[in-house]
Every structure is written in structure tokens, then in C-alpha cells.
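Here is a quick walk through one protein chain, from its hollow spaces to its sheets. Have the model open while you read.

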Amino acid sequence: MTAVPGEPGVPAGLSVLLEAVLNVGSELELRGTLQQLADSAAALTGARQGVLAVLDPGRGEPVEAVGTGGARTTLPPDEPPGSLIHEPDVLAVPIHVQQTVFGRLRLTGAPCPGGFTEDDLDLLRVLATQAGIAIGNARLYETAKQRERWIEGAAAVTTALLTGRPADALTTVAERARLLADAAAGVVLQPTQSGGMEIVAASTTDDPGTLIGATIRPGSAVLAQLLTGEPVFVEDSATDPRMTTDVRSRFGPSMMLPLQAGGKLIGTLALPRSRGARPYTSVDHLLATQFASQAALALVLADAQAGRERLAVFEDRDRIARDLHDLVVQRLFATGMMLESTRRRAQVEDVRETLAHAVDELESTIQEVRTTIFALQQPPADAPTTFRGKVLRETAGAAAVLGFAPSVHFAGAVESTLSEPVQGHLLVALRRALATASRRTAVSRIDVAIDTGATLPDGRPGVRLTVADDGAREDGGGTATTVTWQSPL
């Protein structure tokens, strides 16, 4: 070694080595530390290129390559990660972090015709030893930050599901997991009736609709693990024979994690990266698995909370319905009986007509209250399964356009009398009549009546739908338009 000019007694190689060690130890971020190591090693030995291959701590396989100057590079040839290589144009040393091989530093392009010297090898070994300490610190820092991100992500999902009431809870989980894992997509799969699994929620940088509906067919090798709640880690989705989805060719490394809580399998969270992207590490596997467990628990709790809220609403609606029936209907009925008795005793014709009209209005009001009671007794937020419920849904939809709710009256046993085809035709006729009425001017009232005890013109029993409104007629001839539809039972 030669002395550094102006600094008697300090060998030139030692000065460069000290500077390299200081540079390597100046970074806390792992990526920055690795870049400093590759650059410092090349500067220390005069090599044209330095490549640092990073190994997966769990599998011992290269997962990333860092080249000098930040240049993009491929992984070095397959060499034993713990081996030391000293050839004229190649110099390679292992980097140990806490007695474990973290990676391999490989230099090529010796500065002189004679190739790399023993001094170059000694300097590189010292640098590698010091770099192991710096990398260990940086890796601890990076792992702590990564773990913190996943923990914060799991907490954010839990908060969103329990307080935010998102429209699609599974999509919320998929979106957050995709961002945390730096994945190309986040999808949730659920078992199908045919025995496979289907993507039911997706989050991706492009159109998620291209993923929804993709299935893992029954009989797939990976399916048995997923249905039993076991995680599956795939190095390349496009070439792995276990993968059978139609979209697998778009992706590379992937994690498939069970969404399971309390022994209940909700589904599978899959986090595929793009083809050619860096593989997932064992730390990624661990943190993502913990996130999936937390997310599954949050989904179960959110579902239970939503169920309690629906039950509370239903119980309140049922109480209102009972009060309407026990108090309002009975009082209206009693008042109607009193008026009917008075009408019969009345002597003045005008008084009799007035009382008769009052009795009719009370009967109409009783019918509307009973219809309201029926609507209140339907499970909230569920699609109606009864014919009455379907009719009420149609009139409720018209109310949003009209600005008022049409009154609805049922006569006869509509549920047991009307067949499915007749119900379908009747609902279509109702929908058309409501649409026609909504287009008329000055409409302030619509009455819908369905009578299963009607008699058709040919004498057969049938059902009659009458939709009457007070809107202006198209021919300008006053108001009160009525549309009637009837059919045999």
C-alpha cells in the first residue's frame, strides 16, 4: 500500500477503506445502505462494476440485485451464497448479518491486467464485515417500519369496517392490503357452490372488473389448501401449475392468505405482484398473514355489528307496527262504526251523503294503515320476497319521482291466489301505469288497488289492477285518469 499524499503514514487503501466504511454506515434506509455498499466496494478496489445480491433470509435465494451507480442489473450467476471467490476478473465475498448470510458482493472488471490482488480481497472482506453491522441496523429499522405500516393498515381497516360502514367491506380489505404489500392487485376469493373459489372483490390500478368473477376451478392443487384455511405462497403465478385462474398470466409472485376468524373461513386474500416484480420475502409472508387474520376478525365483528343494527331497526319497526294496529286501526274502525250508525239514523239526505263519504274515507285510511303496517314488518334492506312487498317496492320507487307516495289497497288473498306468471304480468302493468301517471301534469294523488275477487267480463274469476290519478288528461278534458288491467287467475 502507498501513502496518501499530504498524510504521511496513512496508507492509500486504508484511507479509502475508512471512507467506504463511513459511507456504508451513514444510511438508515436499507436500500440506501445497499447502494452505498455496492458503490464503495467498486471505488475501493477500482472495479468496473459491483453487484450486491440480496438473499431471502428464509429461503437463502437471491431476491434483489443492487448495482453500482444505481444502474439496473440482473442477479449474478448462481453461486454458493457463502462462498468466497478470488479470480483474476471476479471477486466475491459473502456478507453476514448476525451469523446469517444476508447477501453476496460480487465485483467484476479488475483495474489492472493482473486482476484483483490479495490486498483487494482483504479490503473487501473488511468492508463486508463492517457492512454486515450497518446492514443489520438498517434491516432492523426497515423491518420495524414495515411492521408498523402493516399494523397501522390493519387498524385502519378495523376502524373503517366498524365505524365507516363502507359499501363493500371486502373491497376495503383488498384495497388496503394491495397498498401495504406493494402488489399489482388485491383480491378476495370466496368458495362457490360448485366447489371452487371465485374472485368477489378486487382492487387494482386498472379496471378491477377484469378480475371479478375469475375462478379457481374444482380439483386445483392449490384449492385444497385454501379451503382448509392454509396460506399459499407462489413464486410465479403465470407458470405455477397449481394456478388455474384465467388471469394468472398477468401476475408473478403472489401470496394467498386465509381470511379466517373463530374457525370460520370467510374467504382468501390474494396479493399478486406483476410479472418480473421482486419476490415476497418471509417477513412479507409473516406480516401479511397477521394482517389477514386481523382483517378477518374485523369483518366478522362488522358483520355482527351490522346484524345487531338491523335487528334493532326491525324491532323498532315491529313495535311501531303493533302500535298502529292496536291503537290507530282499532280507533279508526270504532269511529267508522259510529259514523255508519249515525248515517243510518240521519234524516237529511245531505247529512247521509256526508257521513257516507266520511265512512269511505275511514275505510280507505284503514287500508293504507294496514299497508303501512305490512311494509314495516318487512325485513329492512332486503329484497322483498312476497307479492305485497314487491308492489310496495314499485310504488316506493315511483314516490321518489312523484314527490309523494301512492296509496295502495289490497283486496283478497293476493299471496295465495296469484300465480308467479300472473304476479309478473301484474307488476309490469303496474310499473307502466305508474310511469305514465308520473308524466302527467298536476298529479297530486295516485291510488293503486289490487282485487283478487274481481269478475272478468266473460264471467271468470280474475284479478284487477286499478291505478287512478288526479292528473290532467291528455285531451284536456279535465282530470281523474284511471288505468285498469285485469287477468284470469
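A cavity, as the word is used here, is a set of grid points where a 1.4 Å probe fits but cannot get out. By that standard, this predicted model holds one cavity of 30 Å³ or more.

**The cavity**

That cavity has a volume of about 150 Å³. Of the 15 residues lining the largest cavity, Val187, Met243, Thr245, Ala270 and Pro272 sit closest to its centre. What classes of residue make up the lining of the largest cavity? There are 11 nonpolar, three polar and one charged. Strand S8 (185-191), strand S12 (251-261) and S13 each put at least two residues into the lining, and S12 gives the most, with three residues.

**The pocket**

Now for the open space. The largest pocket has a volume of about 650 Å³. It is lined by 27 residues, and those closest to its centre are Leu30, Glu142, Gln146, Arg278 and Thr281. Elements giving two or more residues to this lining are helix H2 (30-45), strand S3 (49-55), strand S4 (62-67), helix H3 (118-164), helix H4 (169-181) and helix H6 (282-345). Which element gives the most to the lining of the largest pocket? H3 does, with six residues. By class, the pocket lining splits into 14 nonpolar, three polar and 10 charged residues.

**The six-stranded sheet**

Back to the strands that turned up around the cavity. Six strands make an open sheet, in the order S10-S9-S8-S13-S12-S11, with antiparallel pairing. Strand S10 (215-216) and strand S11 (232-234) are the edge strands, each pairing on one side only. Within this sheet, S8 and strand S9 (residues 197-204) pair over seven bridges in the antiparallel sense. Proline 191 faces methionine 197 in S9.

Threonine 268 is a good residue to click on, and its strand is S13 (residues 264-274). Is threonine 268 buried or exposed? Its relative accessibility is 1%, and the cut-off for buried is under 20%, so threonine 268 counts as buried. Leaving out residues up to four places away in sequence, threonine 268 touches Val187, Val188, Leu189, Met197, Leu226, Met256, Leu257 and Leu259. One of these contacts, Val187, is also among the residues closest to the centre of the largest cavity.

**The five-stranded sheet**

The pocket strands S3 and S4 lead to another open sheet. Here five strands run in the order S4-S3-S7-S6-S5, and the pairing is antiparallel. S4 and strand S5 (85-86) stand at the edges with a single partner strand each, so one side of each has no neighbour in the sheet.

How much of S3 is buried? Six of its seven residues are, so S3 is largely enclosed by the rest of the structure. S3 is joined to strand S7 (residues 100-108) by six bridges, and to S4 by five bridges; the strands run antiparallel in both pairings. The table picks out some facing residues from these pairings.

| Residue | Opposite residue |
|---|---|
| Valine 51 | Arginine 106 in S7 |
| Alanine 53 | Arginine 104 in S7 |
| Valine 54 | Glutamate 64 in S4 |

Glycine 67 lies in S4. Although S4 is an edge strand, glycine 67 has a relative accessibility of 3% and so counts as buried. How far apart in space are glycine 67 and glutamine 36? They are 31 residues apart in sequence, and their C-alpha atoms are 9.9 Å apart.

**The whole chain**

Zooming out, the protein chain has 10 helices and 17 strands. Of its 489 residues, 41% are buried. Take the contacts between residues at least 6 apart in sequence: 57% of them join residues at least 24 apart. The chain exposes about 25300 Å², and carbon and sulfur atoms supply 54% of that area.

Definitions and conventions:
Residues are numbered from 1 along each chain as its sequence is written. This is a predicted model: local features need pLDDT of at least 70, side-chain atom pairs count only at pLDDT 80 or more; totals for chains, interfaces and linings use all residues. Side-chain values use heavy atoms; hydrogens and water are left out. Helices (H or I, at least four residues) and strands (E, at least two) are DSSP runs, numbered from the N terminus. Buried means under 20% relative accessible area, exposed over 50%, partly exposed in between (1.4 Å probe, protein chains only). Contact means heavy atoms within 4.5 Å. Accessible areas come from the Shrake-Rupley method with a 1.4 Å probe; for residues, only the protein chains shown count as cover. On a 1 Å grid over the protein atoms alone, a cavity is a set of points where a 1.4 Å probe fits but cannot get out, and a pocket is an open set with protein on both sides within 12 Å along at least five of seven lines; lining residues have an atom within 4 Å of a point. Grid points are joined across faces, edges and corners, and a volume is the space filled by probe spheres set on the points. Ala, Val, Leu, Ile, Met, Phe, Trp, Tyr, Cys and Pro count as nonpolar, Asp, Glu, Lys and Arg as charged, and the others, Gly among them, as polar. Two strands pair if DSSP finds at least two bridges between them.
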